[in-house]
Amino acid sequence: MTSTKTLCPYCGVGCGLEVAPVSKPDAATENYLVKGDRAHPSSQGMVCVKGATIADAIHKNRLLYPMVRDSLDEPFRRVSWDEALDAIAHRIRHVVDTQGPEAVCMYGSGQLQTEDYYTAQKLLKGCLGTNNFDANSRLCMSSAVAAYIQSFGSDGPPTCYDDLEQTDCAFLIGTNTAECHPIVFNRLRKYHRKKKGKVKLIVVDPRRTETAKDADLHLAIRPSTDITLMNGIAHILLRKGWIDPLFIEEATQGFTPYAAVVDHYPPEKVAEVCGITVAELEQAARWWGRSKSVLSLWSMGINQSAEGTAKARTLINLHLMSGQIGRPGAGPFSLTGQPNAMGGREAGGLAHILPGYRLVKNPEHRQAVETAWELPPGSISPTPGLAAWDMMVGLEQGAVGVFWVAATNPAVSMPDIERTKAALRRSPFTILQDAYYPTETAEYAHVLLPAAQWGEKSGIMTNSERTVTYCPAFRDRPGEARADWEIFAEVGRRLGFAKQFACQTSAEVYAEFVQLTAGRVCDMTGLSHQRLADEGPIQWPCPQVETPDTASTKHDKRLYTDFRFPTPNGRAQFATFHEQGLTEPPDPEFPFVLTNGRLYGHWHTQSRTGRIDKIRKMHPEPLLEMHPIDAQHLKLQSGDWVEVRSRRGQARLKVVVTQYIRRGVLFIPMHWGALWADAAECNALTHSAVCPISLQPELKASAVTVVPITEE
Ligand code: SF4
């Protein structure tokens, strides 16, 4: 039986999979055996339940044909691809002529492959002249991107997964890694247990998550007191002399004002604000300060905040003051949520960036891309496009004439979901390009385009540690599904850009893309479909075809090992921040802080995992976690139903009483949209405030109240 090596298309861990057909090759019925690829350097044969069951949904509820309708009240009718693509091109041309290119928006996803992302950038940013391409990565890790750029001069995690097994102290903040990035945590957990007592694991989270249960020290801080905590740790490091003066002197800028600020964070004050003990704070600082190597991991608990960039930069400050970067087991490591969010960043897949880690605001960067795309000077706008939430505001205000969604489900995942739905309802022309139907967003679409998914198109994905994997097609596409990049290119050709969309294969698209990374931090000009297919996954930077595969040689897998950074003066930048607090703090009317997150088995809005029986049995329904004392005050016990209300909406949920959450804090999983549960949407409760730097919404904290539902 022939098996295919590929990548798991769920989370940013990027586990290697081997997929073998176990029944006759027929796209409608074919079944697959999926197991971990032992040769994949990132996952070493491990796989979680999502990866193991991925093939179970491959046949179910697939969108097979292009469909259109004139208004949201009408049923869809099947049309040919030509009819659908002509209608899209006609509408885009009309909107550009009458409203300008900025009235066209595309909202993509970290599920897209690099070739898809790249082709979409060329269409929107190059040919149409609008930077209105954003992705659901904006909801996920744009604060990390902003922090890396501001602190180091470039995006790109400087660390690698091997650091998990080489560190003396792992500091996990705002990440439930055990459930959200299970194979990363498996590697860390195994190492931590093997080195019992010698390696420290510190977890910072208001909940005692599956991750926190393994910790040597769990700091259950009050929501959004992260900056105070980290400034408090910095204060102790400074007082005790647990810093690296030589690194600070030679490789950084801005330490003196930073040190002056953290001087105002004595342990007693910090402990009180954070809701922990002085002893706990001092223990965390001692372990950080006395460890030879410190690795920090973070994800949405830091990023999804109105001060997300400030939080991520404050964490990076700790690494800079203690010289914990650029060597084994050390560095600040943001875990990406999605399988190719990293590839999206490389290809310019956010509204403020261009391929090759370039910025739309930088004239030299724009010129380099325009030249590569054979477009006239000035084709690319110098103005960053609309970020994810701003697209909703644009729809709400009637400023968007074409809204094109690819491989994502904003009718569940956006904040303030009733406002989001109202905005989607106002869209005059929404295109939804997806593999599955129905989804919640399909309710708001005028055109449905069937997209080929995992295993049905060949392309590239990059995981959290910069490892690039070739993902070949191994099954026929169902119905008339097409690869996303092919659809974007078809529309581009119809708009008169035949030269720009001349590539016939995804290998050609990738070959063109990597040329735009030449000389950049993310240089991958040594990579190609063929090389990756022949040699297996390779980590970037990989500037030449003879660059050794970092996974199998002594070539260093880390960035900034020479302590030089791609800033104008070559130094990493300190920045000082004071905590601003929650956008919506609790008050007598809404006394609880509601937070949310993922469960081990489910993925995002369940477009795929909701169709897998094993995962549905594992997590049958949404729930609300509540501390026993809060439950007692409300006379609630596990199994009771409540209505959770915020200033924007409500959700009906079953209570789970647990000691594993702080008093005053509630938790809801974020996976249930209207398709999977009645009136239990997490984002009915969230608000739309964003980080002013990264424009990432503060999904992690909203003020709510809880009203018991009594039997009638
Ligand atoms: Fe897939 Fe992530 Fe699970 Fe790995 S950890 S198998 S990438 S979902």
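Select G459 first: this residue stands opposite C471 in β20. Strands here are DSSP runs of E with at least two residues, helices are runs of H or I with at least four residues, and both are numbered from the N terminus. The model is predicted, and local features need pLDDT of at least 70, side-chain atom pairs count only at pLDDT 80 or more, and totals for chains, interfaces and linings use all residues. Residues are numbered from 1 along each chain as its sequence is written.

**The β19–β20 hairpin**

Extend the selection to strand β19 (residues 459–462) and strand β20 (residues 467–471), which pair in the antiparallel sense over 4 bridges. Two strands are taken to pair if DSSP finds at least two bridges between them. From β19, G459 and M461 point one way and I460 and T462 the other way, and all are buried. A residue is buried if 20 or more other C-beta atoms lie within 10 Å of its own, exposed if 12 or fewer, and partly exposed in between, with C-beta atoms placed from the backbone. The two strands form a hairpin with 4 residues between them, and R466 in the turn has a positive phi of about 70°.

**The seven-stranded sheet**

Next, select β5, β4, β18, β17, β16, β6 and β7, listed here in their order across an open sheet of 7 strands with mixed pairing. Its edge strands are β5 (77–78) and β7 (133–135), each of which pairs on one side only. At the β7 edge, strand β6 (residues 104–108) runs parallel to β7 over 3 bridges. Y107 has D134 of β7 as its bridge partner.

Two loops may be visited from here. P438 sits in the loop between β17 (430–434) and β18 (447–450), and a cis peptide bond with omega of about 5° joins Y437 to P438. Q397 occupies the loop between α16 (388–396) and β16 (402–406). Q397 counts as exposed because it has 10 C-beta neighbours inside 10 Å. A distance drawn from the C-alpha atom of Q397 to that of K5 gives 47 Å, for residues 392 apart along the chain.

**Domains 1 and 2**

Colour the chain by domain: domain 1 (4–57), domain 2 (67–71 + 79–140 + 339–502), domain 3 (143–334) and domain 4 (592–708). These bounds come from an automatic or database domain assignment. The C-alpha centres of domain 1 and domain 2 lie 27 Å apart. Their contact takes 17 residues from domain 1 and 19 residues from domain 2; two residues are in contact if their C-beta atoms, placed from the backbone, lie within 7 Å. On the domain 1 side, β1 (4–7) and β2 (16–21) are the elements that give two or more residues, and β1 gives the most, with 3 residues.

**The ligand shell**

Now select the ligand, which 14 residues surround; the closest are C8, C11, C15, C48 and G51. A residue is counted here if its C-beta atom, placed from the backbone, lies within 6 Å of the molecule. Domain 1 and domain 3 each provide at least three residues of this shell. Helices α1 (49–53) and α6 (182–194) each supply at least two.

Before leaving domain 1, select Q44, in the loop between β3 (32–36) and α1. Q44 has a positive phi of about 50° although it is not a glycine. Q44 counts as partly exposed because 16 C-beta neighbours lie inside 10 Å.

**Strand β23 and its partners**

Move to strand β23 (residues 592–597), where 6 of 6 residues are buried. F592, L594 and N596 point one way, and V593, T595 and G597 the other. On β23, the pairing with strand β28 (residues 702–708) is antiparallel over 3 bridges, and the pairing with strand β27 (residues 665–669) is parallel over 5 bridges. F592 has V704 of β28 as its bridge partner, and V593 has V665 of β27.

In the loop between β27 and β28, select A679. Its phi is near 55°, a positive value in a residue other than glycine. A679 counts as partly exposed because it has 14 C-beta neighbours inside 10 Å.

**A last stop at W540**

Finally, a cis peptide bond joins W540 and P541, with omega of about 5°. P541 lies in the loop between β21 (538–539) and β22 (572–573).
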